[in-house]
Amino acid sequence: MDIKTLVLCFSIAFAISLAATPFVKNLAYKIGAVDVPDDERRIHKKPIPRLGGLAIFYGFLIAVLCFAKFDQQLKGIIIGSLIIVGVSIIDDVKQLRALIKLVAQILAALVAVVHNVRISAISVPGFISETGIVELGMFSIPVTVIWIIAVTNAVNLIDGLDGLAVGVSSIASFSLFFIAILGGEQDVAIIAAALAGGCLGFMPYNFNPAKIFMGDTGSQFLGYMLSVICIQGLFKGYAVISFIVPFLIMALPLFDTCFAIIRRAINHKPIMGADRGHLHHRLLDSGFSQKETVAILYVITTILGLSAVLVLERGSYVAGLLLTVAVGCAFGIYKLFRKRFNRKRAEALAEGEQSNTETK
(Lines give C-alpha, C1' and ligand atoms only; values in the text may rest on other atoms or scores of the structure.)
Protein backbone atom coordinates (compact mmCIF):
# COMPACT_ATOMS: atom_id res chain seq x y z
CA MET A 1 0.00 0.00 0.00
CA ASP A 2 1.58 3.29 -1.16
CA ILE A 3 0.66 5.73 1.62
CA LYS A 4 2.44 8.63 -0.10
CA THR A 5 0.21 8.25 -3.17
CA LEU A 6 -2.91 8.18 -0.99
CA VAL A 7 -1.87 11.32 0.89
CA LEU A 8 -1.11 13.14 -2.36
CA CYS A 9 -4.43 12.05 -3.85
CA PHE A 10 -6.34 13.32 -0.82
CA SER A 11 -4.37 16.60 -0.73
CA ILE A 12 -4.90 17.39 -4.41
CA ALA A 13 -8.64 16.70 -4.22
CA PHE A 14 -8.86 18.85 -1.08
CA ALA A 15 -6.89 21.77 -2.57
CA ILE A 16 -8.78 21.81 -5.88
CA SER A 17 -12.18 21.60 -4.20
CA LEU A 18 -11.24 24.37 -1.76
CA ALA A 19 -9.93 26.63 -4.52
CA ALA A 20 -12.76 25.92 -6.98
CA THR A 21 -15.68 26.57 -4.62
CA PRO A 22 -15.59 30.42 -4.85
CA PHE A 23 -15.60 30.17 -8.67
CA VAL A 24 -18.50 27.71 -8.56
CA LYS A 25 -20.34 30.09 -6.22
CA ASN A 26 -20.04 32.92 -8.77
CA LEU A 27 -21.12 30.54 -11.56
CA ALA A 28 -24.20 29.52 -9.56
CA TYR A 29 -25.34 33.15 -9.30
CA LYS A 30 -24.77 33.71 -13.03
CA ILE A 31 -26.80 30.70 -14.20
CA GLY A 32 -29.53 31.04 -11.58
CA ALA A 33 -28.65 28.02 -9.43
CA VAL A 34 -29.92 29.66 -6.24
CA ASP A 35 -31.95 28.09 -3.43
CA VAL A 36 -34.76 30.45 -2.40
CA PRO A 37 -36.42 29.65 0.98
CA ASP A 38 -40.02 29.41 -0.23
CA ASP A 39 -41.44 26.71 2.08
CA GLU A 40 -41.34 25.57 5.71
CA ARG A 41 -38.80 22.82 5.02
CA ARG A 42 -36.11 25.38 4.28
CA ILE A 43 -34.00 26.21 7.32
CA HIS A 44 -32.13 29.15 5.76
CA LYS A 45 -33.79 32.58 5.57
CA LYS A 46 -32.14 34.12 2.51
CA PRO A 47 -31.28 32.91 -1.01
CA ILE A 48 -28.14 30.75 -1.09
CA PRO A 49 -26.31 29.60 -4.24
CA ARG A 50 -26.22 25.87 -4.84
CA LEU A 51 -24.11 23.86 -7.30
CA GLY A 52 -21.23 23.54 -4.81
CA GLY A 53 -21.04 19.83 -5.59
CA LEU A 54 -19.37 20.79 -8.85
CA ALA A 55 -16.26 21.82 -6.89
CA ILE A 56 -16.27 18.48 -5.04
CA PHE A 57 -16.61 16.61 -8.32
CA TYR A 58 -13.83 18.61 -9.96
CA GLY A 59 -11.40 17.98 -7.10
CA PHE A 60 -12.31 14.29 -7.03
CA LEU A 61 -12.01 13.81 -10.79
CA ILE A 62 -8.58 15.43 -11.12
CA ALA A 63 -7.17 13.49 -8.18
CA VAL A 64 -8.52 10.15 -9.41
CA LEU A 65 -7.26 10.70 -12.97
CA CYS A 66 -3.82 11.54 -11.57
CA PHE A 67 -3.41 8.53 -9.28
CA ALA A 68 -5.93 5.74 -9.94
CA LYS A 69 -5.48 2.95 -12.46
CA PHE A 70 -7.81 3.78 -15.34
CA ASP A 71 -9.32 0.36 -15.95
CA GLN A 72 -12.73 -0.66 -17.27
CA GLN A 73 -14.42 -0.35 -13.89
CA LEU A 74 -13.08 3.15 -13.19
CA LYS A 75 -14.15 4.17 -16.69
CA GLY A 76 -17.71 3.06 -15.95
CA ILE A 77 -17.70 4.83 -12.57
CA ILE A 78 -16.53 8.12 -14.11
CA ILE A 79 -19.00 7.96 -17.00
CA GLY A 80 -21.80 7.21 -14.55
CA SER A 81 -20.77 10.11 -12.32
CA LEU A 82 -20.72 12.44 -15.34
CA ILE A 83 -24.33 11.47 -16.08
CA ILE A 84 -25.33 12.12 -12.46
CA VAL A 85 -23.50 15.45 -12.29
CA GLY A 86 -24.70 16.64 -15.70
CA VAL A 87 -28.38 16.03 -14.95
CA SER A 88 -28.00 17.40 -11.41
CA ILE A 89 -26.53 20.67 -12.69
CA ILE A 90 -29.65 21.16 -14.80
CA ASP A 91 -31.79 20.23 -11.79
CA ASP A 92 -30.03 22.80 -9.58
CA VAL A 93 -30.92 25.47 -12.15
CA LYS A 94 -34.36 24.42 -13.40
CA GLN A 95 -35.70 21.91 -10.81
CA LEU A 96 -36.32 18.77 -12.89
CA ARG A 97 -39.11 16.31 -12.19
CA ALA A 98 -38.29 13.39 -9.90
CA LEU A 99 -38.91 10.89 -12.73
CA ILE A 100 -36.23 12.48 -14.92
CA LYS A 101 -33.69 12.29 -12.10
CA LEU A 102 -34.62 8.66 -11.43
CA VAL A 103 -34.08 7.78 -15.10
CA ALA A 104 -30.64 9.44 -14.95
CA GLN A 105 -29.78 7.43 -11.82
CA ILE A 106 -30.85 4.17 -13.49
CA LEU A 107 -28.78 5.01 -16.57
CA ALA A 108 -25.72 5.86 -14.45
CA ALA A 109 -26.12 2.61 -12.50
CA LEU A 110 -26.45 0.57 -15.70
CA VAL A 111 -23.31 2.18 -17.13
CA ALA A 112 -21.43 1.07 -14.01
CA VAL A 113 -22.88 -2.45 -14.28
CA VAL A 114 -21.92 -2.75 -17.95
CA HIS A 115 -18.35 -1.87 -16.94
CA ASN A 116 -18.35 -4.74 -14.41
CA VAL A 117 -19.14 -2.72 -11.30
CA ARG A 118 -21.69 -5.08 -9.85
CA ILE A 119 -22.70 -7.11 -6.82
CA SER A 120 -22.21 -10.60 -8.24
CA ALA A 121 -22.46 -12.50 -4.93
CA ILE A 122 -23.45 -11.86 -1.34
CA SER A 123 -22.24 -13.55 1.81
CA VAL A 124 -24.81 -15.25 4.05
CA PRO A 125 -24.81 -17.27 7.29
CA GLY A 126 -23.83 -20.94 7.04
CA PHE A 127 -27.35 -22.23 7.73
CA ILE A 128 -28.51 -20.58 4.48
CA SER A 129 -25.62 -21.79 2.34
CA GLU A 130 -22.84 -24.23 3.23
CA THR A 131 -20.30 -22.15 1.31
CA GLY A 132 -21.46 -18.92 2.93
CA ILE A 133 -21.93 -17.40 -0.53
CA VAL A 134 -24.97 -16.90 -2.72
CA GLU A 135 -24.23 -16.19 -6.36
CA LEU A 136 -26.75 -13.70 -7.72
CA GLY A 137 -26.38 -14.66 -11.37
CA MET A 138 -28.95 -12.82 -13.47
CA PHE A 139 -30.15 -10.95 -10.37
CA SER A 140 -26.80 -9.19 -9.98
CA ILE A 141 -27.90 -6.40 -12.34
CA PRO A 142 -31.17 -5.41 -10.61
CA VAL A 143 -29.60 -5.81 -7.13
CA THR A 144 -26.70 -3.54 -8.11
CA VAL A 145 -28.96 -0.95 -9.72
CA ILE A 146 -31.26 -0.89 -6.68
CA TRP A 147 -28.30 -0.48 -4.31
CA ILE A 148 -26.83 2.42 -6.31
CA ILE A 149 -30.17 4.20 -6.61
CA ALA A 150 -30.98 3.65 -2.92
CA VAL A 151 -27.70 5.09 -1.63
CA THR A 152 -27.75 7.95 -4.16
CA ASN A 153 -31.19 9.06 -2.99
CA ALA A 154 -30.43 8.39 0.67
CA VAL A 155 -27.54 10.88 0.69
CA ASN A 156 -29.67 13.34 -1.28
CA LEU A 157 -32.46 13.15 1.31
CA ILE A 158 -30.24 13.97 4.31
CA ASP A 159 -28.97 17.13 2.61
CA GLY A 160 -31.19 19.38 4.69
CA LEU A 161 -28.85 21.27 7.02
CA ASP A 162 -25.64 23.21 6.54
CA GLY A 163 -22.72 20.81 6.37
CA LEU A 164 -24.77 17.69 7.11
CA ALA A 165 -24.63 15.63 3.91
CA VAL A 166 -21.05 16.57 3.04
CA GLY A 167 -19.88 15.81 6.59
CA VAL A 168 -21.66 12.46 6.74
CA SER A 169 -20.24 11.60 3.30
CA SER A 170 -16.74 12.58 4.45
CA ILE A 171 -16.95 10.26 7.44
CA ALA A 172 -18.31 7.43 5.28
CA SER A 173 -15.50 8.01 2.77
CA PHE A 174 -12.88 7.80 5.51
CA SER A 175 -14.46 4.59 6.80
CA LEU A 176 -14.27 3.06 3.32
CA PHE A 177 -10.71 4.38 2.99
CA PHE A 178 -9.50 2.62 6.14
CA ILE A 179 -11.33 -0.58 5.23
CA ALA A 180 -9.71 -0.53 1.79
CA ILE A 181 -6.28 -0.13 3.41
CA LEU A 182 -6.97 -3.07 5.74
CA GLY A 183 -8.02 -5.15 2.73
CA GLY A 184 -5.05 -4.11 0.59
CA GLU A 185 -7.33 -2.49 -2.02
CA GLN A 186 -5.08 0.30 -3.34
CA ASP A 187 -7.40 1.48 -6.13
CA VAL A 188 -10.46 1.57 -3.85
CA ALA A 189 -8.44 3.49 -1.24
CA ILE A 190 -7.41 6.05 -3.87
CA ILE A 191 -11.02 6.66 -4.93
CA ALA A 192 -12.15 6.95 -1.29
CA ALA A 193 -9.27 9.32 -0.48
CA ALA A 194 -10.15 11.53 -3.45
CA LEU A 195 -13.80 11.64 -2.42
CA ALA A 196 -12.92 12.49 1.20
CA GLY A 197 -10.54 15.22 0.04
CA GLY A 198 -13.15 16.77 -2.25
CA CYS A 199 -15.69 16.79 0.58
CA LEU A 200 -13.36 18.36 3.15
CA GLY A 201 -12.26 21.03 0.67
CA PHE A 202 -15.88 22.13 0.30
CA MET A 203 -16.84 21.95 3.97
CA PRO A 204 -15.45 25.37 5.09
CA TYR A 205 -17.95 27.04 2.74
CA ASN A 206 -20.84 24.79 3.77
CA PHE A 207 -20.67 24.99 7.56
CA ASN A 208 -23.43 26.92 9.30
CA PRO A 209 -24.06 29.62 8.20
CA ALA A 210 -23.44 28.19 4.74
CA LYS A 211 -22.12 30.42 1.97
CA ILE A 212 -23.02 27.87 -0.69
CA PHE A 213 -24.99 24.62 -0.86
CA MET A 214 -23.74 21.60 -2.76
CA GLY A 215 -27.18 21.06 -4.30
CA ASP A 216 -28.23 17.87 -6.06
CA THR A 217 -24.99 18.11 -8.00
CA GLY A 218 -23.14 17.32 -4.79
CA SER A 219 -25.55 15.10 -2.86
CA GLN A 220 -26.38 12.80 -5.78
CA PHE A 221 -22.74 12.60 -6.86
CA LEU A 222 -21.63 11.71 -3.33
CA GLY A 223 -24.38 9.11 -2.95
CA TYR A 224 -23.48 7.57 -6.30
CA MET A 225 -19.78 7.41 -5.47
CA LEU A 226 -20.31 5.96 -2.00
CA SER A 227 -22.53 3.25 -3.46
CA VAL A 228 -19.99 2.17 -6.09
CA ILE A 229 -17.07 2.32 -3.64
CA CYS A 230 -19.02 -0.05 -1.38
CA ILE A 231 -19.49 -2.40 -4.31
CA GLN A 232 -15.82 -2.31 -5.27
CA GLY A 233 -14.45 -2.59 -1.76
CA LEU A 234 -16.99 -4.50 0.32
CA PHE A 235 -19.57 -6.54 -1.55
CA LYS A 236 -16.77 -8.59 -3.11
CA GLY A 237 -15.83 -9.98 0.30
CA TYR A 238 -16.67 -13.59 1.02
CA ALA A 239 -17.02 -13.36 4.80
CA VAL A 240 -20.51 -13.24 6.27
CA ILE A 241 -19.75 -10.02 8.10
CA SER A 242 -18.63 -8.29 4.88
CA PHE A 243 -22.27 -8.00 3.82
CA ILE A 244 -23.09 -6.11 7.03
CA VAL A 245 -20.32 -3.54 6.64
CA PRO A 246 -21.70 -1.37 3.79
CA PHE A 247 -25.05 -1.16 5.56
CA LEU A 248 -23.33 -0.04 8.76
CA ILE A 249 -21.41 2.68 6.95
CA MET A 250 -24.50 3.96 5.13
CA ALA A 251 -26.93 3.21 8.00
CA LEU A 252 -27.85 6.82 8.81
CA PRO A 253 -28.97 7.96 5.33
CA LEU A 254 -30.50 4.55 4.54
CA PHE A 255 -32.50 4.52 7.79
CA ASP A 256 -33.72 8.07 7.18
CA THR A 257 -34.78 7.14 3.64
CA CYS A 258 -36.62 3.97 4.73
CA PHE A 259 -38.37 5.91 7.49
CA ALA A 260 -39.34 8.64 4.99
CA ILE A 261 -40.83 6.09 2.57
CA ILE A 262 -42.85 4.40 5.34
CA ARG A 263 -43.98 7.75 6.75
CA ARG A 264 -45.16 9.04 3.39
CA ALA A 265 -46.90 5.78 2.53
CA ILE A 266 -48.81 5.81 5.84
CA ASN A 267 -49.80 9.46 5.31
CA HIS A 268 -50.80 8.75 1.69
CA LYS A 269 -48.25 11.22 0.33
CA PRO A 270 -46.05 10.83 -2.79
CA ILE A 271 -42.97 8.68 -2.03
CA MET A 272 -40.75 11.06 -4.01
CA GLY A 273 -42.31 14.13 -2.41
CA ALA A 274 -40.65 16.34 0.20
CA ASP A 275 -41.65 16.83 3.82
CA ARG A 276 -40.36 17.99 7.17
CA GLY A 277 -40.16 14.62 8.88
CA HIS A 278 -36.52 13.70 8.39
CA LEU A 279 -34.28 12.87 11.33
CA HIS A 280 -32.55 16.25 11.25
CA HIS A 281 -35.92 18.03 11.28
CA ARG A 282 -37.03 16.01 14.29
CA LEU A 283 -33.85 16.88 16.18
CA LEU A 284 -34.39 20.56 15.38
CA ASP A 285 -37.98 20.33 16.59
CA SER A 286 -36.72 18.70 19.79
CA GLY A 287 -34.82 21.85 20.67
CA PHE A 288 -31.38 21.27 19.18
CA SER A 289 -29.73 24.03 17.17
CA GLN A 290 -28.51 23.46 13.61
CA LYS A 291 -24.92 23.04 14.77
CA GLU A 292 -25.92 20.68 17.59
CA THR A 293 -28.04 18.58 15.24
CA VAL A 294 -25.26 18.29 12.68
CA ALA A 295 -22.74 17.42 15.40
CA ILE A 296 -25.02 14.67 16.76
CA LEU A 297 -25.43 13.12 13.32
CA TYR A 298 -21.67 13.37 12.71
CA VAL A 299 -21.04 11.45 15.93
CA ILE A 300 -23.60 8.78 14.99
CA THR A 301 -22.03 8.35 11.55
CA THR A 302 -18.54 8.15 13.07
CA ILE A 303 -19.64 5.45 15.52
CA LEU A 304 -21.26 3.47 12.73
CA GLY A 305 -18.16 3.82 10.54
CA LEU A 306 -15.89 2.76 13.40
CA SER A 307 -18.19 -0.20 14.06
CA ALA A 308 -17.87 -1.21 10.40
CA VAL A 309 -14.09 -1.15 10.64
CA LEU A 310 -14.18 -3.13 13.88
CA VAL A 311 -16.49 -5.74 12.34
CA LEU A 312 -13.82 -6.51 9.76
CA GLU A 313 -10.87 -6.18 12.11
CA ARG A 314 -12.13 -7.51 15.44
CA GLY A 315 -15.39 -9.29 14.70
CA SER A 316 -19.07 -8.56 15.16
CA TYR A 317 -19.09 -8.96 18.97
CA VAL A 318 -16.73 -6.03 19.58
CA ALA A 319 -18.62 -3.89 17.08
CA GLY A 320 -21.93 -4.85 18.67
CA LEU A 321 -20.64 -3.89 22.11
CA LEU A 322 -19.51 -0.51 20.77
CA LEU A 323 -22.90 0.09 19.15
CA THR A 324 -24.75 -0.85 22.33
CA VAL A 325 -22.71 1.54 24.46
CA ALA A 326 -23.03 4.28 21.83
CA VAL A 327 -26.81 3.90 21.59
CA GLY A 328 -27.07 4.10 25.38
CA CYS A 329 -24.95 7.26 25.51
CA ALA A 330 -26.88 8.82 22.63
CA PHE A 331 -30.21 8.12 24.33
CA GLY A 332 -28.94 9.67 27.59
CA ILE A 333 -27.69 12.79 25.80
CA TYR A 334 -30.99 13.11 23.93
CA LYS A 335 -33.00 12.87 27.15
CA LEU A 336 -30.74 15.49 28.77
CA PHE A 337 -31.18 17.98 25.94
CA ARG A 338 -34.88 17.21 25.66
CA LYS A 339 -35.28 18.02 29.36
CA ARG A 340 -33.37 21.27 28.86
CA PHE A 341 -35.56 22.17 25.88
CA ASN A 342 -38.78 21.49 27.81
CA ARG A 343 -37.54 23.62 30.72
CA LYS A 344 -36.66 26.53 28.43
CA ARG A 345 -39.99 26.28 26.64
CA ALA A 346 -41.84 26.28 29.96
CA GLU A 347 -39.86 29.35 31.08
CA ALA A 348 -40.63 31.11 27.79
CA LEU A 349 -44.34 30.37 28.12
CA ALA A 350 -44.33 31.61 31.72
CA GLU A 351 -42.60 34.85 30.69
CA GLY A 352 -45.10 35.31 27.86
CA GLU A 353 -48.07 34.86 30.22
CA GLN A 354 -46.54 37.27 32.70
CA SER A 355 -45.96 39.84 29.95
CA ASN A 356 -49.59 39.53 28.81
CA THR A 357 -50.83 39.97 32.36
CA GLU A 358 -48.76 43.14 32.86
CA THR A 359 -49.99 44.54 29.55
CA LYS A 360 -53.62 44.06 30.59
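**Close-up 1. The loop between α7 and α8, home of P209.** In this predicted model, P209 sits in the loop that links α7 (186-206) to α8 (215-233). Take a look at the bond leading into this proline: the peptide bond from N208 to P209 is cis, and its omega is near -5°.

**Close-up 2. S88 of helix α3 and its contacts.** Here we turn to S88, a residue of helix α3 (residues 72-94). Is S88 buried or exposed? S88 counts as buried because its relative accessible area is 3%, and the cut-off for buried is under 20%. Leaving aside residues up to four places away in sequence, S88 touches D216, T217 and Q220. For orientation, helix α8, which follows the loop of the previous view, covers residues 215-233.

**Close-up 3. L51, a non-glycine residue with positive phi.** This view moves to the loop between β2 (48-49) and α2, where L51 is found. Its backbone deserves a friendly second glance: the phi of L51 is positive, at about 95°, although L51 is not a glycine. The relative accessibility of L51 is 0%, so this residue counts as buried.

**Close-up 4. Helix α2 and its buried residues.** Just follow the chain on from the loop that holds L51, which lies between β2 and α2, and you arrive at helix α2, residues 53-67. With 15 residues, α2 reaches 21 Å from its first C-alpha to its last, close to the 21 Å expected at 1.5 Å a residue. Which residues of α2 are buried? They are G53, A55, I56, F57, G59, F60, L61, A63 and V64.

**Close-up 5. Q95, in the loop between α3 and α4.** Helix α3, the helix that carries S88, spans residues 72-94, and Q95 lies in the loop between α3 and α4 (98-114). Q95 is not a glycine, yet its phi is positive, at about 60°. How exposed is Q95? Q95 is partly exposed because its relative accessible area is 47%, while exposed would call for over 50%.

**Overview. The whole chain, to place the close-ups.** Stepping back, the chain has 13 helices and 4 strands. Of its 360 residues, 48% count as buried. Among contacts between residues at least 6 apart in sequence, 73% join residues at least 24 apart. The chain exposes about 17400 Å², and carbon and sulfur atoms supply 67% of that area.

Definitions and conventions: Residues numbered from 1 in each chain as written. Predicted model: local features only at pLDDT ≥ 70, side-chain atom pairs only at ≥ 80, totals over all residues. Heavy atoms only, no water. Helix = DSSP H or I, 4+ residues; strand = E, 2+ residues; numbered from the N terminus. Expected span 1.5 Å × (residues − 1). Buried < 20%, exposed > 50% of the residue type's maximum accessible area, 1.4 Å probe, protein only. Contact = heavy atoms within 4.5 Å. Areas by Shrake-Rupley, 256 points an atom, 1.4 Å probe, with all protein chains shown as cover.
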